[in-house]
Each structure stands twice: as structure tokens, then as C-alpha cells.
Amino acid sequence: MAGCFQDKVVFITGASSGIGAAAAEAFAKEGARVVLTARRRDRLDSVKARIEAAGGTALALACDVTQREHIDAAVEETVKTFGALDVVLANAGFGVSGVMEKLDTDDYRRQFDTNVFGVLDTVYAALPHLKRSGGRLGLVGSVLGHVGMAASAPYCASKFAVTAFAQCFYYDLADQGISVTGIYPGIVESEIRSVNNRGEYTGKKTPRPGGSPCPRRGRRDTSCVPCIGESLSASSLSMAKSSSPWHVIVPAFRAVSSASRAKAAWTRWSAPSGGTARNE
Ligand SMILES: NC(=O)c1ccc[n+]([C@@H]2O[C@H](COP(=O)([O-])OP(=O)(O)OC[C@H]3O[C@@H](n4cnc5c(N)ncnc54)[C@H](OP(=O)(O)O)[C@@H]3O)[C@@H](O)[C@H]2O)c1
């Protein structure tokens with residue numbers, strides 16, 4: 001039976017681990033030809049091997065989203081290989097953490113280079129091809145693009161920007177036949193906490209930053225995952241209730257969830273609608 005993304009070409013940034021890798025596998029399972037991009041080539045090759053072993057089709061391309069020429073080359077290679085581009089998932093990102101007094105503006109710039117300008121360059125590089133296919137754009141933000149958290153100012157600011165892009169581009173691209181979906185995960189188990197403030201994978205998990213005052217212990221607690229989960233759940237639920245057309249809330253709010261649970265959410269993101277701009 002044909003999958004709901006059968007033969008669609010899906011381009012994903014940050015596909016070497018976590019949410020991007022899980023999404024790639026989910027799209028491939030639905031029949032998509034997936035293009036996996038990120039900086040770590042060996043990790044991309046492992047994801048590609050898993051997809052192919054399951055009978056899917058994948059292309060792995062090294063690409064740093066802070067380098068516009070890398071993105072242009074990856075998009076060009078995609079179209080050369082598969083002939084089109086139907087879905088773009090701008091997912092690559094990391095988190096700069098620390099209380100604001102301990103950070104300087106370079107920390108914010110570095111964060112924005114990947115999480116904000118990396119997303120923008122991905123969108124602009126793909127736009128001509130999405131216009132041609134009447135395609136679909138998915139921007140991976142965060143619940144922290146709707147609510148601030150302690151010791152997370154650069155990350156939250158970058159994700160608030162992604163929320164704005166999703167909402168504004170939704171209107172701007174509707175008459176081009178391109179649909180835009182903002183995706184705002186809660187806490188998902190991935191490699192994000194093994195990446196340092198310079199955006200480098202270290203292999204060592206750092207504690208979660210910030211945390212609201214713990215209602216159980218009555219003081220700020222930077223390690224109380226259930227408490228952080230609860231505060232994010234509450235804001236996610238109020239967002240869900242507002243039912244704005246451009247929001248997809250990945251059901252991964254309750255404390256720590258797994259990338260495989262987030263994966264299930266992708267199946268709700270149904271196939272491109274053949275040129276009609278649509279959001280859910
Ligand atoms: N995990 C969560 O709880 C959570 C919650 C809300 C939102 N998110 C968002 O979800 C997205 C995916 O994160 P994740 O949790 O799956 O973390 P992850 O496992 O660390 O994955 C991040 C991905 O982004 C890629 N990446 C980072 N910098 C890049 C760059 N300059 N160029 C190209 N690729 C780059 C990484 O690959 P390379 O290192 O190989 O380049 C990796 O594939 C991020 O935007 C993150 O902010 C995550």
C-alpha cells in the first residue's frame with residue numbers, strides 16, 4: 001500500500017540524530033525519498049543505512065546550515081538526484097545555555113547563526129523548488145519559542161524567531177501554493193544536551209538548564225525534569241487550546257519523551273495537498 005508521502009522528496013536539515021533522524025525514518029516509512037543533511041557524515045550514513053535496510057530510499061549530504069553555499073549545493077544535488085523537492089523540514093539546531101550575566105553577545109550570535117539564519121537560508125534556498133512543486137515547509141521551533149525559561153535566553157530568543165517565521169511565512173506563501181507548518185516539540189530525548197555552547201557534539205550530557213521554581217521543593221531547581229516538563233506541558237496545552245492554524249504540537253510534553261514518540265506525531269502531518277496551502 002502506498003504511504004502518505006509516497007515518492008515525495010523530503011529534505012531534512014539536522015537529520016544525523018534526534019528528531020531529524022526520527023522524522024527521516026518516519027517519512028521514509030511513508031514512502032518518501034528522504035534527503036538527510038547535517039555536518040556529521042558518519043552519523044548521516046548510519047541513518048541512511050537504517051532507512052535502506054528497512055526498504056526506503058535516502059540520500060546523505062554533508063551540510064552546515066551556517067554556510068549558505070553548503071545548503072545551496074545540497075538543494076541542487078537533491079533536485080539533480082530526485083528531480084524535485086516537495087517537503088523541507090528545517091530542523092537543525094542546538095541550545096546555548098547559561099544565565100544571561102555569564103553569556104556575551106557572541107553566544108547569541110552563534111545561536112542565531114544556526115537556529116535563525118540557518119533556518120532562513122534553508123527556506124530561501126528551497127523556495128524556488130517548493131514553488132514549483134506546491135510543496136510544504138516545516139519549521140522546527142520549540143515550546144521554548146512560546147515561553148521563556150531560566151538560563152536559556154539565546155535558545156528561547158532563537159525559537160521565538162522561528163515561531164514568528166512560521167506564522168508570517170504561512171501568510172506570505174499561501175498564494176504561492178506553499179503550506180507552512182510550525183512544529184513545537186516539548187522535551188524530547190535526543191543528543192541536544194550533549195552539544196556544547198559552541199554547537200559541538202561532546203558525547204557528554206549536560207544537565208538541563210534553567211527550571212522554574214519547583215512547586216514541590218519551593219525553590220529554583222535546575223535538574224527537576226518533572227517540574228520542567230509540567231511547566232512546558234501547561235504552556236503547550238494552552239497553545240493547543242488556542243488552536244492557531246499554523247501550530248503542530250508534538251505530543252511529547254510529559255517530562256522526558258523519546259524521539260520515537262515524537263516520530264508518531266509525524267504521521268499526523270499528512271501528504272502535500274497538491275498545491276493548496278494548508279496548515280494544521
Ligand atoms: N530535544 C528537545 O527536547 C527539543 C525540544 C524542542 C525543540 N527541539 C529542536 O529540535 C531540533 C532537533 O534537535 P534534537 O533535539 O533532535 O537534537 P540533536 O539530536 O542534537 O539534533 C540536532 C541536529 O541538528 C544538526 N545540526 C546542529 N548544528 C548544525 C549545523 N550548523 N548545520 C547542520 N546541522 C546542524 C545536528 O547534526 P550535526 O551535529 O551532525 O551537524 C543534529 O542532526 C532542534 O532545532 C531543536 O532546537 C528539540
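In helix α5, the residues that count as buried are A153, P154, Y155, C156, S158, K159, V162, T163, F165, A166, F169 and Y170. The elements that cover these buried residues include α4 (105-133), together with the strands β5 (136-140) and β6 (179-183). An α-helix has 3.6 residues a turn, so residues three or four places apart point the same way. In the present structure, which is a predicted model, α5 spans residues 153-174 and comprises 22 residues, reaching 32 Å from its first C-alpha to its last, close to the 32 Å expected at 1.5 Å a residue. The helix nevertheless contains a kink of about 25°, which is centred on C168.

Helix α4, one of the elements that cover the buried residues of α5, has 29 residues and extends over 40 Å between its first and last C-alpha atoms, close to the 42 Å expected at 1.5 Å a residue. A kink of about 50° lies in α4 at L127, shortly before the proline P128. The helix is followed by G134, a residue whose phi is positive, near 60°.

The protein chain as a whole has 7 helices and 9 strands, and of its 280 residues 47% count as buried. Among the contacts in the protein chain with a separation of 6 or more, 70% are accounted for by residues 24 or more positions apart. The mean pLDDT of the protein chain is 83, with 74% of its residues reaching 70 or more. Over residues 240-280, however, the pLDDT is below 50, although this stretch has 101 contacts in the model beyond near neighbours in sequence.

The shell around the ligand consists of 33 residues, of which G14, G18, R39, R40 and G93 come nearest. By residue class, this shell divides into 14 nonpolar, 14 polar and 5 charged residues. Helices α1 (18-29) and α4 each supply at least two residues of the shell, and α1 gives the most, with 3 residues.

Attention was also given to backbone conformation outside the helices. Most residues other than glycine have a negative phi, and most peptide bonds are trans. Two residues that are not glycine, D7 and A151, were examined in this respect. The phi of D7 is positive, near 65°, and this residue lies in the segment before β1 (9-13). Because D7 has 13 C-beta neighbours inside 10 Å, it counts as partly exposed. A151, for its part, has a positive phi of about 55° and is found in the loop between β5 and α5. With 20 C-beta neighbours inside 10 Å, A151 reaches the cut-off of 20 or more and therefore counts as buried.

A further loop position, T206, lies between β7 (188-189) and α6 (225-242). T206 has 14 C-beta neighbours inside 10 Å and therefore counts as partly exposed. The C-alpha atom of T206 is separated by 8.3 Å from that of N196, and these two residues are 10 residues apart along the chain.

Notes
Residues are numbered from 1 along each chain as its sequence is written. This is a predicted model: local features need pLDDT of at least 70, side-chain atom pairs count only at pLDDT 80 or more; totals for chains, interfaces and linings use all residues. Helices (H or I, at least four residues) and strands (E, at least two) are DSSP runs, numbered from the N terminus. The expected span of a helix is 1.5 Å times one less than its number of residues. The bend at a residue is the angle between axes fitted to the seven residues ending there and the seven starting there. A residue is buried if 20 or more other C-beta atoms lie within 10 Å of its own, exposed if 12 or fewer, and partly exposed in between; C-beta atoms are placed from the backbone. Two residues are in contact if their C-beta atoms, placed from the backbone, lie within 7 Å. A residue is near a molecule or strand if its C-beta atom, placed from the backbone, lies within 6 Å of it. Ala, Val, Leu, Ile, Met, Phe, Trp, Tyr, Cys and Pro count as nonpolar, Asp, Glu, Lys and Arg as charged, and the others, Gly among them, as polar. pLDDT is the predictor's confidence in each residue, from 0 to 100.
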